[in-house]
Amino acid sequence: MSLQSMTGFARSAAESEGTSIAWEVKSVNGKSAEVRLRLPQGFDRLETAVRQTIQKRFARGNFQATLSVGRAVARQTQPVVNEAFLKDLAGLAKRLQEQFGTHPATADGLLSLRGVLDVPEAVETDEERAALDAAIVSALEAALAGLEQARRGEGAALGALLSGHVDAIEALTLKAEADSSREPAAIRERIAEQVRLLMDASANLDAARLHQEAAFLATKADIREEIDRLKTHVASARALLKSGGAVGRKLDFLAQEFNRESNTLCSKSNAAAVTAIGLELKAVVDQFREQVQNLE
């Protein structure tokens, strides 16, 4: 499966028995699949089906779908003439002509008067309505396919960017692991120097106790566990990026774990070089987490 961004836009158009259909669908970041619809009057009957179609196809994102329907000209039906009313109007027109010399009434003039001629609209049958609804849903599927393609395109770019961040996290982790300040000899030298300075400052201090405390602090400052966990998280992140699909939440959790380990590494470090690596690691992790928010 491919990675998907949560942002995208698509449009589709179709026609059914002379009726034009157009869908516009867009999505932005969201914690779940939330759908907002704009349907023309009379098409509320499709709301449930449209929501289910979108939520079945996508796992996350805030979606807005807008439907436009251009009705075809009503089919020709037999006009209905109100003959009694027409006869009354014709008589009135003749009397006005005789008494006041008005122009004689014409047939088209009389028929254009309100209430004389009525052309009823064709009644939509159940079969015709079902066919139109099916065409609308089919056009929606086409729009969603376009939206999915757009989201996958952005998802591919995000995947490459996130993979680069994971590579950087691994490189910094290995750099911290290999830093010379973590060598036993360097650690012993720092501890010995710290003890010597304390002993020089006060002759009353217990040298044995100082060495014991220094050894305890050195143990607390060991970052072996943080490095091991960072390596594990790097492997997990790569596996998720490779598997694709809706992995945004899982990667967000890993981003939190990366952040936790980098914070601990900085707080436990007793060497400036490792602290600098930890701060750089925190910056990369922040970039990773920011981009993960855009993934489905």
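Reader: What does helix H1 lie across, and at what angle does it run to S3?

Author: In this predicted model, H1 (residues 47-57) lies across S2, S3 and S4. Its direction makes about 145 degrees with S3. Helix H4 (residues 126-178) also packs on the sheet, where it touches S1, S2 and S4. The direction of H4 makes about 35 degrees with that of S2.

Reader: What makes S1 and S2 a pair, and in which sense do they pair?

Author: Two strands pair if at least two bridges are found between them. S1 (residues 8-16) and S2 (residues 19-28) have nine bridges, in the antiparallel sense, so they count as paired. Gly8 has Ser27 of S2 as its bridge partner, and Glu15 has Ser20. The two strands form a hairpin with two residues between them. In that turn, Glu17 has a positive phi of about 50 degrees.

Reader: Why is the pairing in the sheet called mixed?

Author: The sheet holds both senses of pairing. S2 and S4 (residues 61-70) run antiparallel and are joined by nine bridges, with Glu24 opposite Thr66 in S4. S3 and S4 run parallel and are joined by six bridges, with Ala33 opposite Gly61 in S4. The four strands form an open sheet in the order S1-S2-S4-S3, with mixed pairing.

Reader: What makes S1 and S3 the edges of the sheet?

Author: S1 and S3 (33-38) each have a single partner strand, so one side of each is left without a neighbour in the sheet. From one strand to the next, the twist averages 15 degrees.

Reader: Why are H8 and H9 called roughly antiparallel?

Author: The axes of H8 (residues 248-268) and H9 (residues 272-292) cross at roughly 165 degrees and come within 9 Å. Angles over 145 degrees count as roughly antiparallel, and H8 and H9 are therefore roughly antiparallel to each other. The crossing of H8 past H9 is left-handed.

Reader: Which residues make the contact between H8 and H9, and how many are nonpolar, polar and charged?

Author: On the H8 side they include Leu251, Ala255, Phe258, Ser262 and Leu265. On the H9 side they include Val274, Gly278, Leu281, Val285 and Phe288. By class, the contact has 11 nonpolar, seven polar and four charged residues.

Reader: How do you know that H7 is roughly antiparallel to H8?

Author: The axes of H7 (residues 224-243) and H8 cross at roughly 160 degrees and come within 10 Å. The cut-off is again over 145 degrees, and the crossing angle therefore makes H7 roughly antiparallel to H8. H7 passes H8 in a left-handed crossing.

Reader: Which residues of H7 and H8 meet, and what is the make-up of the contact by class?

Author: Among those in H7 are Glu226, Leu230, His233, Ala237 and Leu241. The residues they meet in H8 include Lys250, Leu254, Glu257, Glu261 and Lys268. The contact of H7 with H8 has nine nonpolar, three polar and six charged residues.

Reader: How do you know that the span of H2 is close to the expected one?

Author: H2 (residues 83-100) has 18 residues and reaches 25 Å from its first C-alpha to its last. At 1.5 Å a residue, 26 Å is expected, and the span of H2 is close to that. Gly101 follows H2 and has a positive phi, near 70 degrees.

How values were computed: Residues are numbered from 1 along each chain as its sequence is written. This is a predicted model: local features need pLDDT of at least 70, side-chain atom pairs count only at pLDDT 80 or more; totals for chains, interfaces and linings use all residues. Side-chain values use heavy atoms; hydrogens and water are left out. Axes are lines fitted to C-alpha atoms, for helices over the stretch in contact, and angles run from 0 to 180 degrees between N-to-C directions. Angles under 35 degrees count as roughly parallel, over 145 as roughly antiparallel, 65 to 115 as roughly perpendicular and the rest as oblique. A crossing is left-handed if the near helix is turned anticlockwise from the far one by less than a right angle, and right-handed if clockwise. Contact means heavy atoms within 4.5 Å. Ala, Val, Leu, Ile, Met, Phe, Trp, Tyr, Cys and Pro count as nonpolar, Asp, Glu, Lys and Arg as charged, and the others, Gly among them, as polar. The expected span of a helix is 1.5 Å times one less than its number of residues.
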